[in-house]
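Student: Hey, I'm new to this one. Can you walk me through it?
Tutor: Sure, let's have a look together.

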Amino acid sequence: MKHLLPTFALTALCGLGQLASAQQPAEREVVKAFFLESLTQQQDATQSREAFIGYIQQAPVCDKPLKLQQLTSYQQMVWQAWRDANSDFSAAESQLIALTPLAQGNSSQWQLPEALEPSATMPYYWGRKGDTTEPLPLYLYLHGSGDKEREWATGLVLAQRFADAPSIYFVPQIPNTGAYYRWWQLAKQYAWEKLLRQSLLSDAVDARHIYLLGISEGGYGSQRLASFYADYLAAAGPMAGGEPLKNAPVENCANIGFSFLTGADDRGFYRNILTHYTEVAFDSAQQQRPLAADGTPLFRHRVTLLPDMQHHINYDLTTPWLKQFGRNPYPKTVLWEDFEMDGRRRQGFYNLQVLKRPSEGRTYYTLDVQANTLTLSVRNVAYTTTQTDERYGIEMKFTRTYSEATGGQLRIYLCSELVDLTKPVTIVVNGREVFKDKVKPSLSAMQSSVALFADPLRIFPAAVDVTF
């Protein structure tokens, strides 16, 4: 696709360099054009599974350096350009309906891309609890695998009952049954990323308080999705599920609250056993890394087998526990096992963006930020199955081995919450110093990070690309 503005016009506008207040209206149009192109390319990528899985965020043409005193005004400008681009793009996609009281049961539906899932219509309830004009926490609730109409209706009842008001709820219905009755498949990934993008544009949603929970099949889904999208979440609360840990690495849930409740006698598909394995894995991860680089707790979890309960448990325990947590968009320690979900991987996580993967397999990134030194470990991950159940063939338990990764490229986004941008920054990758200098803020970093994350809290003013 051609640029929405000619390259010479982009270059000329980016070259205007004297007064930010005078040039921002023109620059905002350039930035908006880049965002519109990015949104269009993302939409075009849904025309096939291969394109959606392989989509790579393009770099902006405009690469203007910025001064530290300009950063706030430019962040505001870039976010407004993102808003404007999404407004212009709104005719090309269904929008969230107007926010009304959840008790009214107002609903609509999204048609998900045909190439990702045939005939996938996702109805949803969208509503608020409580009467306030302040931004509200957002809860995404995923229902279980019974009759989907009945499960969806029950979801609305539960969402109204849970003790978390004031809040906003998105309660979707699974589009299709059978093999497509999974909340983590590609078409649903499209839906969650659309929900995040549209809700984070809304003044009604508090970007620091987004929560994910589900029951039964929704418990499986919310466990996987929590590991995949943890950087958007304050906390997650799967219930009555139990994923094999290869599908939901616990390390990714560092920096969020994680509650997991299952009946101690819930033996269907070994849910009680797999929940216990999750408990052991979280406890072990906490023992190995109790604190982040800034001394704050890294793992905050409650994984419990509820005595004398089977598949039906007390669902009211989860959201009161979740709501005590707020999202930290700038953790000083990031743990990320870059894994695929239905064949697709994230392009970025917290302040990291993969530019070139070191292998086709999984990669495990560990980033610690102390003062102005960033220490990054990048390792290949290999799984060996050590327990498989004889009835269903479920791979239940694993060991992991690690080796140093080479041949990759990573972008590390930076901001004043992570480092002192007035002083030199040192970056060490796999024991080797790869960067030591002052980081140069740029309009390009802001545009790239917004296009990648669609997050008002991650308009990163600076970035460093490193190879390993």
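**Two helices and a core**

Tutor: This is a predicted model. Start with helix α4 (residues 71-89) and helix α10 (residues 443-453): their axes come within 10 Å and cross at roughly 40°.

Student: What does that angle make α4 relative to α10?
Tutor: Oblique, because angles under 35 degrees would count as roughly parallel and 65 to 115 as roughly perpendicular. As for handedness, α4 passes α10 in a right-handed crossing.

Student: Which residues meet there?
Tutor: From α4 you've got L71, Y74, Q75, M77, V78, W79 and W82, and they meet L443, M446, V450 and A451 in α10. Sorted by class, that contact has 10 nonpolar residues, one polar and no charged ones.

Student: OK, what about the core? Which residues have the most contacts inside the largest one?
Tutor: F35, F170 and W192 do, in a nonpolar core of 116 residues.

Student: And what does F35 touch?
Tutor: Leaving out residues up to four places away in sequence, F35 touches V78, A81, W82, A85, Q447, V450 and A451. There's also a second, separate core of 24 residues, with L261, I313, Y315 and L322 among them.

Student: Switching topic: where is A165?
Tutor: A165 is in the loop between α5 (148-161) and β5 (167-172).

Student: Why does A165 count as partly exposed?
Tutor: Because its relative accessibility is 46%, and partly exposed runs between the 20% and 50% cut-offs.

Student: How far is A165 from K323?
Tutor: Their C-alpha atoms are separated by 9.6 Å, though the two are 158 residues apart along the chain.

How values were computed. Residues are numbered from 1 along each chain as its sequence is written. This is a predicted model: local features need pLDDT of at least 70, side-chain atom pairs count only at pLDDT 80 or more; totals for chains, interfaces and linings use all residues. Side-chain values use heavy atoms; hydrogens and water are left out. Axes are lines fitted to C-alpha atoms, for helices over the stretch in contact, and angles run from 0 to 180 degrees between N-to-C directions. Helices (H or I, at least four residues) and strands (E, at least two) are DSSP runs, numbered from the N terminus. A crossing is left-handed if the near helix is turned anticlockwise from the far one by less than a right angle, and right-handed if clockwise. Contact means heavy atoms within 4.5 Å. Ala, Val, Leu, Ile, Met, Phe, Trp, Tyr, Cys and Pro count as nonpolar, Asp, Glu, Lys and Arg as charged, and the others, Gly among them, as polar. A nonpolar core is a set of buried Ala, Val, Leu, Ile, Met, Phe, Trp, Tyr and Cys residues joined through side-chain atoms within 4.5 Å. Buried means under 20% relative accessible area, exposed over 50%, partly exposed in between (1.4 Å probe, protein chains only).
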